[in-house]
Structure formats: structure tokens, C-alpha cells
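Please look through the structure below and follow it from its charged pairs to its strands and its surface.

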Amino acid sequence: MAGTTPTSAPRSTPGKRRLPPWLVVFIAFDVLLVAGAAWLLLGGSSGSDADDGASSAPTSEASAGATDAPADPAEPDPSPTLEIDPAEATVIASPTGNITCSIVPEGVRCGIASLAAEPAPVAGCEGTVGHVVELTSAGVSTPCVPDAEKPTEAGPDVAVLDYGATSEVNNFVCESTESGMRCTDSTTGDGFVLARAGVSGA
């Protein structure tokens, strides 16, 4: 036993200890997870702005439709609101006879017998919306008209309003043009154009 020196375990040098392989893999995986999360947050925020713009529109339209249902032009009026006495109305027709308008001091109602394409059905209307349009001091409306009351072509007894000519009662003026019948309220500026293509703003 004498003369032998007991061997001691080798000392580890500070700073040179190596991490176990499993720990290295774990740390690398964590770094990748953090980097991926940061990329999603930064890259997803700009995309979410565009998505919000696209997805919020239907929501706002739906809420607007719920609160402003009576003013929604897509919803038909239950029936024509303008009362017209044929004996007192000024009745005119386009040169083709396809459009007939009745003008009274309270407003104007025009009907078209034939459209380029039949209007699509409208919920709540047992008839059609688009063959008749009215203009009063309250504005323009397209009432629901039963199929049995759809306008027909003007008869020979209806005065023809030549292209370029106008007919006026009170503040309501209708002008016959080759692109349709244009009727306006000179007081409010409201109006419409009725043609085979349908109803549009004046």
C-alpha cells in the first residue's frame, strides 16, 4: 500500500462542460416555437386588417338592415303610395309606348310594360318589383305590384311625349329621352330614369 497514490476523479474545467444532447434539442425546439409564434403575430396582424375589412362589411350591413329596415331599398313597399285620379292626371307615354307616366301635383308614377330582363323575386312581394316606380316629395320608391296589375303598353289614347320633350306638373318634370323616361323633383333634386334596363338614378 505504501508508495501508491490514490487516484482522484478528473476535475471538470469551468466553462467546458457540455450540455446533454437531449437538452440541446429541447432548447432548439423552444427557440423555433418562439420564433414561429412571433412570425404568426407579426404576419397575422396585417392579414387580419384585411380580413376584418372583408368580414366586417356583412356584419355592418346586417346590423344596418336590422335597424334601418324601412329605408332599405331592397324591401318593397306593400303597394303604390301615390294616389292618382286618372281624370286629373297628366298621362304621357314614350314614343315606343313601352313606358307610361301619370303626373299629378303630388308626384309621378311610371310603369314599363317590357323590361330587358324580368326582375328577380323580392321577399315579401307577391308580384314584381321593378315594373313601377314612383317619385314624391319623400323620394323615389319601387312598390310591389301584383302580376295582374303589371303595366301594359300605352293605348292610342295616351299622349306621346317625343324624345327631348318634357311634361311638368307642379315641381315634377318628366323628360322623354332615347335612353328612357327621366323624371325629377325640381324642389328636392330626387329623380329616376326608367328604361328597358330597369330603374336607375336620374
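**Salt bridges, strands and surface**

In this predicted model, Arg 109 and Glu 134 form a salt bridge, and their closest N and O atoms are 2.8 Å apart. Arg 109 belongs to strand β3 and Glu 134 to strand β5 (residues 132-136), so the pair ties together parts that are 25 residues apart in sequence. As for the surroundings of the two partners, Arg 109 is partly exposed, because its relative accessible area is 23% and buried means under 20%. Glu 134 has a relative accessible area of 1% and is therefore buried. As background, side chains of opposite charge can pair when their charged atoms come close.

How many salt bridges does a search of the whole structure find? The search finds three. Another of them joins the side chains of Lys 150 and Glu 118, with a distance of 3.6 Å from N to O. Lys 150 sits in the loop between β7 (144-145) and β8, while Glu 118 sits in the loop between β3 and β4 (128-129), so this pair ties together parts that are 32 residues apart in sequence. Lys 150 counts as partly exposed, at 27% relative accessibility. Glu 118 also counts as partly exposed, at 49%; the cut-off for exposed is over 50%.

There is also a salt bridge between Arg 182 and Glu 175, where the closest N and O atoms are 3.8 Å apart. Arg 182 has a relative accessible area of 29%, so Arg 182 is partly exposed. Glu 175 is partly exposed as well, with a relative accessible area of 26%.

Now turn to the strands. The secondary structure of the protein consists of one helix and 13 strands. Along the sequence, the pattern reads α-β-β-β-β-β-β-β-β-β-β-β-β-β. Which order do the strands take in the open sheet? Six strands form this sheet, in the order β6-β5-β3-β2-β1-β8, and their pairing is mixed. At its edges are β6 (139-141) and β8 (159-160), each of which pairs on one side only. Strands β3 and β5, which hold Arg 109 and Glu 134, are both members of this sheet.

At the β8 edge, the partner strand is β1 (residues 90-93); two bridges join β1 to β8, and these strands run parallel. To find this place in the structure, look for Ala 93, which stands opposite Val 160 in β8.

The loops and the surface come next. Which residues form a negative surface patch? The patch is made up of Glu 83, Asp 85, Glu 88 and Glu 106. Of these, Glu 106 can be placed in the loop between β2 (99-104) and β3 (107-112).

Another loop, between β9 (166-169) and β10 (172-177), contains Asn 170. What is the phi of Asn 170, which is not a glycine? Its phi is positive, about 55°. Is Asn 170 buried or exposed? Asn 170 counts as exposed, because its relative accessibility is 53% and the cut-off is over 50%.

To end with the protein as a whole, buried residues make up 28% of its 202 residues. Glu 134 is one of the buried residues, whereas its salt-bridge partner, Arg 109, is partly exposed.

Notes: Residues are numbered from 1 along each chain as its sequence is written. This is a predicted model: local features need pLDDT of at least 70, side-chain atom pairs count only at pLDDT 80 or more; totals for chains, interfaces and linings use all residues. Side-chain values use heavy atoms; hydrogens and water are left out. Two strands pair if DSSP finds at least two bridges between them. Helices (H or I, at least four residues) and strands (E, at least two) are DSSP runs, numbered from the N terminus. Patches are made of residues with over 30% relative accessible area and no salt bridge: like charges are joined within 9 Å, nonpolar side chains (Val, Leu, Ile, Met, Phe, Trp, Tyr) within 5 Å. Accessible areas come from the Shrake-Rupley method with a 1.4 Å probe; for residues, only the protein chains shown count as cover. A salt bridge is a side-chain nitrogen of Lys or Arg within 4 Å of a carboxyl oxygen of Asp or Glu. Lys and Arg count as positive and Asp and Glu as negative; His and the chain ends are not counted. The place of a charge is taken as NZ of Lys, CZ of Arg, CG of Asp or CD of Glu. Buried means under 20% relative accessible area, exposed over 50%, partly exposed in between (1.4 Å probe, protein chains only).
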